Amino acid sequence: MSGPGRFPEPPVVIVGGLHADARRAAVARLLADVPGSVVLHHDLATATAGTVVRTVRDATGPRSAGEAPLVNDCACCALREDLVPELVRLADAGGTPLAVVELWDSVEPKAMAEVVTAGGFTVTGVITAVDPALVLPYLGNGDDLAEGGLAAAATDRRTVADTFARQLEYASVLALAESLPGSPEADEEDHELLAQLHPTARRVPIGHGNPAGASPTAPELARAALAGFDVEAAAAAQHPACALLPAEADAHGVATLVWHRRRPFHPERLYAALEDLTCAAARSRGRFWLAGKGDTLLHWDGAGGALCVESAGPWLASLPDAAWELVPPVRRAAAALDWHPEHGDRCQHLVFTSPGLDRDGLERLLESCLLTDAEYAGGQAAWDRLPPAFDTLLEV
């Protein structure tokens, strides 16, 4: 996008999260630590009036404000349409060392990082701001976003828990704002839960209150914001076929169970156990193999006592060799690492993370949902005759 006579585009860092006070503290920290940086924010709370309010500000206060009309009655769509043109105007003005895109509460960073990158800008960091004491309450909140006025569109059916989980797990950096006014103190269990949910994230403690106050860790957030971010790799790390899932862990009352098997689930028994499995952990995710649907990789995504199960495309083992060239290299590499001579990449790979996790009970329940030896010996023809218990759930 840069050319003769144009200023270079500023690097862009995206700061999001449902913990609004923590998010504002992280933005204030960046403004204080990167002189001249500018924050762009779209307030979707005004969508009921038919517009999204845009503000641009720096460390001294507001620089400009405006409105963007809804697109197809969707506030998040308005944000998508307005974000890049505003970044272009900011770039044209010059003199901005860092553009901070502060997302509204329920906006997820993945979509916005992809919009910014497609618009020709470089995303150097994605930060989710977190109050560690609120992680478990938010993961356990199965309320619809609409109930709290946090829906981004009239058709938004997301919950607080699943939205928070995706915000948390996509970011490369977690900005930890503790002891915020009105928030309880975080303990070792809270921090361990964060560490197990997203073990690869860079966790940066930040202060609150006066952003210019002395804090020995404060510059670390600015360094993290400019460290670089690979949008394509981040998307692959979230895809159920090659997701970078947490490893086994058990510390400070929090445990992560990684359950990996090479036998398909019995559809009826698994369906009957879904409620117990979903409530067994604060967070669960992964991919699974269902007898009778041997071509379809199924995605497991649980939080807040609710579970989303959906098709994530084919298992690579079900594709003809010629089709492999159309599959992204990271997907082929993930399948190769997990390849079985008979079943290919078909497997169960589920991860459950929670305080007080009953690992033994959870493993017994999962094992009971697999095909028995006799059922497994029947082969694919017998598996295809099993009752299609998941058809309604998968809307097929």
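This text walks through a predicted model of one protein chain, from its overall form down to single residues.

Start with confidence. The mean pLDDT of the chain is 91. A pLDDT of 70 or more is reached by 95% of the residues. One stretch stands apart: over residues 209-218 the pLDDT is below 50. Beyond near neighbours in sequence, that stretch has 11 contacts in the model. Where pLDDT is low, the predicted coordinates should not be read in detail.

Now take the whole chain. It holds 14 helices and 14 strands. Its radius of gyration is 23 Å, and the globule rule gives 21 Å for 396 residues. The two values are close, so the chain is as compact as a globular protein of that length. Along the principal axes, the C-alpha atoms fill a box of roughly 70 × 50 × 40 Å. Of the 396 residues, 51% count as buried. Contacts also reach far along the sequence. Among those between residues at least 6 apart, 73% join residues at least 24 apart.

Next, find the sheet. It is open and has eight strands, in the order E4-E3-E2-E5-E1-E6-E7-E8. The pairing is mixed. At the edges lie strand E4 (61-69) and strand E8 (202-206), each paired on one side only. From one strand to the next, the twist averages 25°. Look closer at one pair. Strand E3 (residues 51-58) runs antiparallel to E4, and eight bridges link them. Here Arg 57 stands opposite Pro 62 in E4.

Helices pack against this sheet. Helix H1 (residues 20-33) touches several strands, including strand E1 (12-16), strand E2 (38-43) and E8. The direction of H1 makes about 155° with that of E1. Helix H2 (residues 75-93) lies across E1, E2, E3, E4 and E5. H2 runs at about 160° to E2.

Pick one residue of H1. Leu 31 sits in this helix. Is Leu 31 buried or exposed? Its relative accessibility is 9%, under the 20% cut-off, so Leu 31 counts as buried. Leaving aside neighbours within four places in sequence, Leu 31 is in contact with Ser 37, Val 38, Val 39, Arg 57, Asp 58 and Ala 59. Arg 57 is the residue that stands opposite Pro 62. Leu 31 and Leu 98 are 67 residues apart along the chain, yet their C-alpha atoms are separated by 9.0 Å.

H2 leads into the interior. The largest nonpolar core has 56 residues. Which helix gives the largest share of this core? H2 does, with nine residues. Ile 14 and Leu 87 have the most contacts inside the core. Leu 87 touches Val 12, Leu 40, Ala 99, Val 101, Val 116 and Phe 121, not counting residues up to four places away in sequence. Another core, of 24 residues, lies apart from it. Among its members are Val 34, Ile 127, Ala 175 and Ala 222.

Helix H5 (residues 160-170) is mostly covered too. In H5, 10 of the 11 residues are buried. They include Asp 162, Phe 164, Glu 169 and Tyr 170.

End at a loop. His 252 lies between strand E9 (249-251) and strand E10 (254-261). Most residues other than glycine have a negative phi. His 252 is not a glycine, but its phi is positive, about 50°. His 252 has 44% relative accessibility, so this residue counts as partly exposed.

Conventions:
Residues are numbered from 1 along each chain as its sequence is written. This is a predicted model: local features need pLDDT of at least 70, side-chain atom pairs count only at pLDDT 80 or more; totals for chains, interfaces and linings use all residues. Side-chain values use heavy atoms; hydrogens and water are left out. pLDDT is the predictor's confidence in each residue, from 0 to 100. Contact means heavy atoms within 4.5 Å. Two strands pair if DSSP finds at least two bridges between them. Helices (H or I, at least four residues) and strands (E, at least two) are DSSP runs, numbered from the N terminus. Axes are lines fitted to C-alpha atoms, for helices over the stretch in contact, and angles run from 0 to 180 degrees between N-to-C directions. Buried means under 20% relative accessible area, exposed over 50%, partly exposed in between (1.4 Å probe, protein chains only). A nonpolar core is a set of buried Ala, Val, Leu, Ile, Met, Phe, Trp, Tyr and Cys residues joined through side-chain atoms within 4.5 Å. The radius of gyration is taken over C-alpha atoms; the globule rule is 2.2 Å times the number of residues to the power 0.38.
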